[in-house]
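Trainee: I should like to learn how to read the packing features of a protein model. Could we take them one at a time?

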Amino acid sequence: MAKSRVQFICQNCGSVHQRWAGKCDACGEWNTLVEEGTSGGIGSGPANTRNARKGRAVVLTTLSGDIEDAPRIISGIGELDRATGGGFVRGSALLVGGDPGIGKSTLLTQAAAALASRGHRIVYVSGEEAVAQIRLRAQRLGVADTPVELAAETNVEDILATIADGKRPDLVILDSIQTLWTDLADSAPGTVTQVRASAQAMIRYAKSTGAAIVLVGHVTKEGQIAGPRVVEHMVDGVLYFEGEGGHHYRILRTVKNRFGPTDEIGVFEMSDKGLREVSNPSELFLGERHAKSPGAAVFAGMEGTRPVLVEIQALVAQSSLGTPRRAVVGWDGARLSMVLAVLEAHCGVRFGQHDVYLNVAGGYRISEPAADLAVAAALVSSLTGLALPADCVYFGEISLSGAVRPVAHAQQRLKEAEKLGFGSAVLPLGSEELAGGIGAGAFQPTELADLVARIAGSRRSRVDDEE
């Protein structure tokens, strides 16, 4: 019998240490090492390799050959199907993360009810709520009469034995992975060993039977899914459910998908009847826009294959501090500093004595560099007190030399803007062929200084009109 020994495993990154320490050497986090015992398992020493089974040869093949599309289960919830790449893939494992109370369980309950009403066998297993609580949520959502099978259980072996009875389920929802535990590990539920072993057991079941598995994961205060990052590598897809507490919309963002695009989003609106799909998020983000305010620019962005228009708001105010403040909500703070530096170095616009505040309206978060041009326009507009044209959209990347660089999908961005009633655009020179519409008469600067001169020129023309 193998001799059991003690290891200390980091609950943040999963690295193994032979002795306890206050700080993990791998990830640098403090007080994350937890004692866990092992008994001849993986990494238990050379003695374990003497009884290892001899491997068998597998068949090698080539890259060329017949390709079949992954069989999918379509839920009928358009925004959810968009984020997953066209529906749940049979035999796949999906990890869904989000802040507490953001609506993960609500979304999955609605998805389970929609699939069950289409004739699929759906099993919803909760480790955090009782069956009565799930029924109350289903009544509030108006889906209590759908044939979803419920259970409140946390032991992996019991869950596998339960879903093995009868017809194979098409989808199994486990809420959440941090509450599951397996007899194969001795540690407490929620530890790295239990989370990894439980996830591995459920993924093995999905691959061997063809059932789709959805795992719900907690999110840490840094916004990352709690538990070892190895779980994110084990699953086929990772979705983050995002949203601000003061806003009524939610975004389901894809960050990993082995069967579809990795940058799609699904937009939902939270109501007392659950989550409602938002088919045109641009109207949602521009719904409360004040067209004549200085410091506001409309950015035409892309989220996967979907163009999204959102308002970028800037406020440049005289500073009373020795070091002016720079505050950003919804964008990268380092990128704002870069745009400010380019405006000062190449355009002669001084922000050294001003506080700068930047906000993306509606709590939306922008990650692509194509927002540089819209941010620069909003900053100059706020500094000069001149409102930008209300029917104009902006997109383009700014280099450190002050040049405006082209970005992809210019035609799709312009089509979305034209559909919402915008009549002009500012975009980089050298973008792909622009056929008609607002792209034909768009202003295409090669340097950021050209855009600054155009905004400043509107002040001179306004003074001349007043005289």
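**A buried acid and the nonpolar cores**

Mentor: Leaving aside neighbours within four places in sequence, D81 is in contact (heavy atoms within 4.5 Å) with I74, S75, G76, G86 and G87. This is a predicted model, in which local features need pLDDT of at least 70 and side-chain atom pairs pLDDT 80 or more, while totals for chains, interfaces and linings use all residues. Residues are numbered from 1 along each chain as its sequence is written, and side-chain values use heavy atoms, without hydrogens and water.

Trainee: Which side chain of opposite charge is nearest to D81?

Mentor: A salt bridge requires a side-chain nitrogen of Lys or Arg within 4 Å of a carboxyl oxygen of Asp or Glu. For D81 the nearest candidate is R118, 6.4 Å away, and D81 has no salt bridge although it is buried (under 20% relative accessible area, 1.4 Å probe, protein chains only).

Trainee: Which residues touch the most other members of the largest nonpolar core?

Mentor: Such a core joins buried Ala, Val, Leu, Ile, Met, Phe, Trp, Tyr and Cys residues through side-chain atoms within 4.5 Å. Here it holds 64 residues, and L343, Y364 and L379 touch the most other members. Beyond four places in sequence, the contacts of L379 include A314, V316, L336 and F351. A second, separate core of 28 residues includes V96, A112, A116 and F241.

Trainee: How many disulfides are found in the whole structure?

Mentor: A disulfide is a covalent bond between the sulfur atoms of two cysteines. With the criterion of cysteine sulfur atoms within 2.5 Å, the search finds 0.

Key
Buried < 20%, exposed > 50% of the residue type's maximum accessible area, 1.4 Å probe, protein only. Lys, Arg positive; Asp, Glu negative; His and termini not counted.
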